[in-house]
Amino acid sequence: MKELMSNSTTNISQARKAVEQLKMEAYMDRMKVNLDFCQYFAFTPYFMVSKAAADLLAYCDAHIGEDPLIIPVPASENPFREKKLFCTIL
């Protein structure tokens with residue numbers, strides 16, 4: 001009986017050590033992901049807001065002819081035009 005108690009205590013102790021090891025490995029994996037994330041953003045080029053705004057204005061000016069809000073699409077080509085439905089009342 002004493003041997004079974006000792007054996008089960010040893011098994012519990014080994015299981016606890018295994019759980020602690022798995023927790024540590026999971027923590028290390030999270031730290032690696034965080035490090036990768038930080039390294040990615042450390043080397044990502046950033047632009048000044050004024051340059052980004054100027055680029056956006058230049059793009060809008062270059063594509064003004066393709067904008068359906070400024071130059072409407074002809075009704076015959078508009079896929080979103082209202083369909084005329086006829087209802088009959090009985």
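Select Lys32 and Asp36 to begin: both residues belong to helix H1, four residues apart, about one turn of the helix. The model on screen is predicted. Display the side chains of this pair and mark the shortest N to O separation. Lys32 forms a salt bridge with Asp36, and the closest N and O atoms are 3.4 Å apart. Colouring by relative accessibility then gives 51% for Lys32, which counts as exposed. Asp36 is partly exposed, with a relative accessible area of 37%. Because the boundary for exposed is over 50%, Lys32 at 51% falls in the exposed class, and Asp36 at 37% is placed in the partly exposed class.

Remain on helix H1, which comprises residues 2-42, and select Lys23 together with Glu20. How many residues separate Lys23 and Glu20? They lie three residues apart, about one turn of the helix. A salt bridge links Lys23 to Glu20, with 3.9 Å between the closest N and O atoms. Since the criterion for a salt bridge is a separation within 4 Å, the pair Lys23 and Glu20, at 3.9 Å, is counted. As for accessibility, Lys23 is exposed at 52%, whereas Glu20, at 48%, counts as partly exposed.

Next, move the selection to helix H2, residues 49-62, and pick out Lys51 and Asp55. These two residues are four residues apart within the helix, about one turn. Their side chains meet in a salt bridge, at 3.2 Å from N to O. Are Lys51 and Asp55 buried or exposed? Lys51 has 41% relative accessibility and counts as partly exposed. Asp55 has 43% and is likewise partly exposed.

With these pairs displayed, the view can be widened to the entire model. How many salt bridges does a search of the whole structure find? The search finds three: Lys32 with Asp36, Lys23 with Glu20, and Lys51 with Asp55.

The final stop concerns the cysteines. Select Cys38 and inspect its surface: the residue is partly exposed, with a relative accessible area of 49%. Then select Cys60, which counts as partly exposed at 41% relative accessibility. How many disulfides does the structure hold? The number is zero. A disulfide is a covalent bond between the sulfur atoms of two cysteines. No such bond should therefore be drawn in the viewer, because a disulfide requires a pair of cysteine sulfur atoms within 2.5 Å and the structure holds zero disulfides.

Terms used:
Residues numbered from 1 in each chain as written. Predicted model: local features only at pLDDT ≥ 70, side-chain atom pairs only at ≥ 80, totals over all residues. Heavy atoms only, no water. Buried < 20%, exposed > 50% of the residue type's maximum accessible area, 1.4 Å probe, protein only.
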